[in-house]
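Here is a friendly tour of some packing details, written for someone who would rather be at the bench. Have the structure open as you read.

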Amino acid sequence: EQNMIMHGFTALTDCQPLLNLLGSDKPACQQLVRGLHGQLVLFFLAFVDACHAYVRHQEREIVEVQTLDPSLPAMDRPPIAGLDEVVRLDWSGLFCLALVRIGRHLEVKAISKVWAVARDLFVGGDSASDLQPNAAVIKATTTYAAITRKATRNAAQAAITHYVLQGGQRLAHFFRNSIHSKNWMTLREPRTPRLAMEMVLKEVHAFDAQLARILGDPRKPRVERRVLSRVKNSLELEMERLLAKKQPVFAAVPFNRNGSVLGILRIAYKALCEYVREETFGKYGLQQIQVDCAFLADVTRDFVDTEDAAALDSLLDEAVTSASRRCVDPVLMEAVIVETLCEEKKKGFKFE
């Protein structure tokens with residue numbers, strides 16, 4: 001990241017002697033500055049293309065610069081060397097988050113600094129006005145810096161969205177195997193949450209640690225624990241069911257730890273609901289799902305904010321409701337017993 005920014009500063013500095021050589025040739029000076037505009041834009045868009053290539057595993061069709069803003073002058077975009085190597089890279093969550101971190105730093109700080117250096121280097125000359133945000137080559141309200149910031153932000157957004165999608169699908173894979181590998185009609189009375197729930201929560205902890213490390217967003221203290229003993233009436237249950245159905249699974253992902261973990265869990269828990277709907281349950285099979293979801297809901301509160309934990313609770317409650325509707329003898333376990341089983345499990349549960 002630092003090398004990329006320093007290369008930008010060095011390129012700008014190297015252009016100043018060339019501008020001095022042109023002297024009073026105003027058309028030539030303006031042509032040089034316009035060329036510098038184009039090279040700076042293409043410089044940052046190379047990072048944008050690399051992000052999209054990694055996320056999509058294919059080289060993006062080279063989007064003309066004019067699509068970013070129709071008022072921009074035409075610019076040739078030559079093929080980017082090494083982009084095919086980015087396409088062939090294996091998936092790495094840490095690398096994807098590194099792209100997010102670089103993109104955010106470019107958007108918030110570096111791009112503005114590079115354009116500011118460009119203006120400062122040529123201030124005082126006839127070409128100086130052409131480097132200002134209100135240059136004649138673009139609209140008065142649009143700057144090259146704003147265009148490149150927007151493109152860079154979109155690339156970082158695509159990267160973190162893909163990270164969340166990959167994480168959610170990975171957890172969904174655990175749920176799918178754990179649901180489809182059981183005969184839910186013949187299970188014995190549950191005594192503890194299943195091992196698959198531990199595996200899922202350890203994966204969530206790993207995602208949480210990656211996000212906190214790369215995005216610099218440490219986890220907040222644990223919110224209050226979920227109360228299982230309170231009995232909900234039919235209206236509350238119906239409202240939660242409707243809320244779970246209306247929750248957008250693939251909502252926009254903010255650039256922070258909590259929002260990313262929430263997105264991962266939202267995808268995973270929604271998948272759990274769908275897998276449960278494909279099975280038929282006996283009495284104890286239903287109760288096992290009840291215990292599993294209660295354990296997930298309790299430990300999940302370590303990773304997300306209070307209001308987000310409530311939204312995830314509604315998805316897990318929907319999974320239990322779906323299992324109950326698919327059960328031949330729908331008798332739920334008493335909440336006090338469920339709470340006791342979860343507490344016993346937590347005593348010996350470790351993320352490491």
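The notes below cover aromatic pairs, one residue in a helix, and a helix–helix contact.

Please keep in mind that this is a predicted model. Searching the whole structure turns up 7 aromatic pairs, and two of the topics below start from individual pairs. The last topic looks at how helix 5 and helix 6 meet, with their axes coming within 9 Å.

**Phe-43 and Phe-44**
- Phe-43 and Phe-44 form an edge-to-face aromatic pair, with 5.2 Å from centre to centre and 70° between the planes.
- Are these rings buried or exposed? Phe-43 counts as partly exposed because its relative accessibility is 25%, whereas Phe-44 is buried, with a relative accessible area of 3%.

**Tyr-54, Phe-95 and Trp-91**
- The ring centres of Tyr-54 and Phe-95 are 4.8 Å apart and the planes stand at 75°, so this pair is edge-to-face; the cut-off for that label is an angle over 60 degrees.
- Tyr-54 sits in helix 2 (residues 26–56) and Phe-95 in helix 4 (residues 93–121), so the pair ties together parts that are 41 residues apart in sequence.
- Tyr-54 is buried, at 0% relative accessibility, while Phe-95 is partly exposed, at 35%.
- Trp-91 joins Tyr-54 and Phe-95 in a cluster linked by ring pairs.

**Ile-214**
- Ile-214 belongs to helix 6 (residues 195–215).
- With a relative accessibility of 16%, Ile-214 counts as buried, because the cut-off for buried is under 20%.
- Which residues does Ile-214 touch, leaving aside those up to four places away in sequence? They are Leu-94, Leu-97, Ala-98 and Arg-101.
- Leu-94 is 120 residues from Ile-214 along the chain, yet their C-alpha atoms are separated by 7.7 Å.

**Helix 5 against helix 6**
- The axes of helix 5 (residues 144–180) and helix 6 cross at roughly 170°.
- Helix 5 and helix 6 are therefore roughly antiparallel to each other, as angles over 145 degrees count that way.
- On the helix 5 side, the contact is made by Ile-160, Tyr-163, Gly-167, Arg-170, Leu-171, Phe-174, Phe-175 and Ser-178.
- Helix 6 contributes residues including Met-197, Val-200, Glu-203, Phe-207, Gln-210 and Leu-215.
- How many residues of the contact of helix 5 with helix 6 are nonpolar, polar and charged? There are 13 nonpolar, 3 polar and 2 charged residues.

How values were computed. Residues numbered from 1 in each chain as written. Predicted model: local features only at pLDDT ≥ 70, side-chain atom pairs only at ≥ 80, totals over all residues. Heavy atoms only, no water. Phe/Tyr/Trp six-rings, centres within 6.5 Å; stacked < 30°, edge-to-face > 60°. Buried < 20%, exposed > 50% of the residue type's maximum accessible area, 1.4 Å probe, protein only. Helix = DSSP H or I, 4+ residues; strand = E, 2+ residues; numbered from the N terminus. Contact = heavy atoms within 4.5 Å. Axes fitted to C-alpha atoms, helices over the stretch in contact; angles between N-to-C directions. Parallel < 35°, antiparallel > 145°, perpendicular 65-115°, else oblique. Nonpolar A, V, L, I, M, F, W, Y, C, P; charged D, E, K, R; others polar.
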